[in-house]
Amino acid sequence: MTGPAAAESPTPDNGPSNILEVRDLRKHFPIRVGFANRVRGHVRAVDGISFDVRQGETLALVGESGSGKTTAVRCVVRALDPTAGEIRFRTESGRWIDLSGLSRRELRPLRPQMQMVFQDPRSSLNPRMTVLDIIGEPLLLNGMKNRNDRIDRVEELLRLVRLRPEYMRRFPHAFSGGQRQRIGIARALALNPRLVIADEPVSALDVSVQAQTLNLLLELQEELGLTYIFVAHDLSVVKHISDRVAVMYVGKVVEIGERDQVFFNPKHPYTAALLNAVPRTDPRAGRTRIPLRGEVADPADPPSGCYFHPRCAYAIERCGAETPVAEVVDGERRVECLRVGELELPGVTSG
Ligand SMILES: Nc1ncnc2c1ncn2[C@@H]1O[C@H](COP(=O)(O)OP(=O)(O)OP(=O)(O)O)[C@@H](O)[C@H]1O
Ligand code: SF4
Ligand SMILES: [Mg+2]
């Protein structure tokens with residue numbers, strides 16, 4: 001896959017094991033008022049985030065509703081135009097390309113390599129199209145003109161997601177929620193992507209089919225060598241499927257690290273508070289847990305200093321005045337907290 005020379009990033013930070021390197025990404029939505037559409041301020045939905053995604057891993061992106069997860073991943077696939085920052089993607093041929101400034105035309109040849117699975121399969125699948133046409137559409141748009149070729153490929157994709165190929169003439173309403181999500185996954189896989197971004201893919205499903213769907217995603221990752229960014233607002237959903245975890249709060253990544261480090265030994269008070277909601281395998285075990293109080297801050301009018309300070313059980317005076325910057329701890333973990341060196345925080349204790 002090739003891209004325009006001007007957009008290539010000459011100095012990727014880590015090279016070989018990464019597939020994606022996001023640097024200081026921002027998306028600010030203007031707030032317009034009045035007949036003149038005057039800009040009164042901005043929603044800082046994504047406010048300077050950096051993270052890498054390694055080839056073959058699952059990076060979980062977690063945080064409460066409104067923390068900017070969807071906006072961040074929609075910028076990465078360039079469904080949204082970022083306000084600032086770099087989105088360096090390593091193409092199939094090993095070349096690094098900064099997607100952030102590419103035009104629609106320049107992005108077109110790269111799009112098959114990055115695909116999204118959405119939260120609600122009911123609204124993301126067109127109810128008036130058959131499964132064949134839904135999964136076949138990206139194939140057609142990418143040049144597979146022959147209908148029989150599309151039928152063969154759709155058959156193959158349906159088998160891949162453990163659905164019967166004879167279902168392909170049916171419409172989405174004839175399927176259960178879990179089956180519809182499999183159709184969404186098959187559609188996302190149609191063009192052999194390398195990076196799959198799943199935005200809360202199991203949140204709309206019954207608890208009984210959530211685990212099946214997560215297992216299917218894991219099996220597909222193994223079979224096809226996929227790399228995932230998995231968005232969730234519940235840490236317990238990502239506990240078993242993620243390799244690394246990035247925790248977002250009001251447009252910022254406040255902690256990012258290896259899954260076990262983040263779960264067993266969190267370094268940011270917000271992570272520790274989110275872990276409070278993760279069920280314990282041993283209810284007798286454990287240190288004191290800290291509750292998550294109050295509402296998520298408004299990204300159009302965030303608090304001074306550390307955005308988390310009005311809710312933080314560990315806040316001290318300087319937290320309301322100083323903005324934390326990312327600090328590297330324990331090797332590769334990055335944490336944005338002014339008290340990162342001092343705090344002993346409770347994580348999950350087993351399992
Ligand atoms: N098009 C838009 N215009 C203005 N504000 C927006 C727009 N899209 C998102 N926002 C705001 O940006 C913030 C982040 O929204 P986003 O949907 O990215 O959060 P999220 O973490 O995905 O939340 P959820 O868990 O509810 O899906 C929210 O305050 C939201 O209201
Ligand atoms: S900087 Fe202060 S308020 Fe923010 S998370 Fe750390 S201790 Fe809490
Ligand atoms: Mg979202």
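How many bridges join strand 1 to strand 4? The views below answer that and walk you through the rest of this predicted model.

**View 1. The whole chain.** Let's start with an overview of the predicted model. The secondary structure of the chain comes to 10 helices and 12 strands. Along its principal axes, the C-alpha trace spans about 70 × 55 × 50 Å. A compact globule of 351 residues would have a radius of gyration near 20 Å, and the 21 Å of this chain agrees with that.

**View 2. Strand 1 and its partner strand 4.** Here is the reply to the opening question: five bridges join strand 1 to strand 4 (residues 84-90). The two strands run antiparallel. To find your way along the pair, look for glutamate 21, which stands opposite arginine 88 in strand 4.

**View 3. The hairpin of strand 1 and strand 2.** Strand 1 (residues 18-33) also pairs with strand 2, in the antiparallel sense and over 13 bridges. One pair to pick out is isoleucine 31 with its bridge partner in strand 2, glycine 41. Four residues lie between the two strands of this hairpin. In the turn you can spot glycine 34, which has a positive phi of about 75°.

**View 4. The open sheet of four strands.** Now put those pairs together. Strands in the order 2-1-4-5 form an open sheet with antiparallel pairing. Which strands stand at the edges? They are strand 2 and strand 5 (96-98); each has a single partner strand, so one side of each is left without a neighbour in the sheet. From one strand to the next, the twist averages 25°.

**View 5. The open sheet of eight strands.** Another open sheet is built from eight strands, and its order is 6-7-8-3-9-10-12-11. The pairing in this sheet is mixed. Strand 6 (114-117) and strand 11 (327-329) are the edge strands, each pairing on one side only. The twist here averages 20° from one strand to the next.

**View 6. Strand 7, strand 8 and a helix lying across.** Zoom in on part of the eight-stranded sheet. Strand 7 (residues 195-199) and strand 8 (residues 227-232) pair in the parallel sense, over five bridges. Aspartate 199 has valine 231 in strand 8 as its bridge partner. Helix 6 (residues 177-189) lies across strand 6 and strand 7, and runs at about 175° to strand 6.

**View 7. Where the two domains touch.** The domain assignment gives domain 1 (5-10 + 17-242) and domain 2 (245-335). Taken over C-alpha atoms, the centres of the two domains are 26 Å apart. Contacts link 29 residues of domain 1 with 21 residues of domain 2. Which elements supply at least two residues each to the side of domain 1 that touches domain 2? Strand 2 (38-54), strand 3 (58-62) and helix 8 (235-238) each do. Strand 2 gives the largest share, 11 residues. By class, this side of domain 1 has 12 nonpolar, 11 polar and six charged residues.

**View 8. The surroundings of ligand 2.** Our last stop is a ligand. How many residues surround ligand 2? There are 13, and the closest are Cys306, His309, Cys312, Cys319 and Cys337. Sorted by class, the shell around ligand 2 has 10 nonpolar, two polar and one charged residues.

Note on methods. Residues are numbered from 1 along each chain as its sequence is written. Chains are lettered from A and ligands numbered from 1 in the order in which they are written. This is a predicted model: local features need pLDDT of at least 70, side-chain atom pairs count only at pLDDT 80 or more; totals for chains, interfaces and linings use all residues. Two strands pair if DSSP finds at least two bridges between them. Axes are lines fitted to C-alpha atoms, for helices over the stretch in contact, and angles run from 0 to 180 degrees between N-to-C directions. Two residues are in contact if their C-beta atoms, placed from the backbone, lie within 7 Å. Domain bounds come from an automatic or database domain assignment. Ala, Val, Leu, Ile, Met, Phe, Trp, Tyr, Cys and Pro count as nonpolar, Asp, Glu, Lys and Arg as charged, and the others, Gly among them, as polar. A residue is near a molecule or strand if its C-beta atom, placed from the backbone, lies within 6 Å of it. The radius of gyration is taken over C-alpha atoms; the globule rule is 2.2 Å times the number of residues to the power 0.38.
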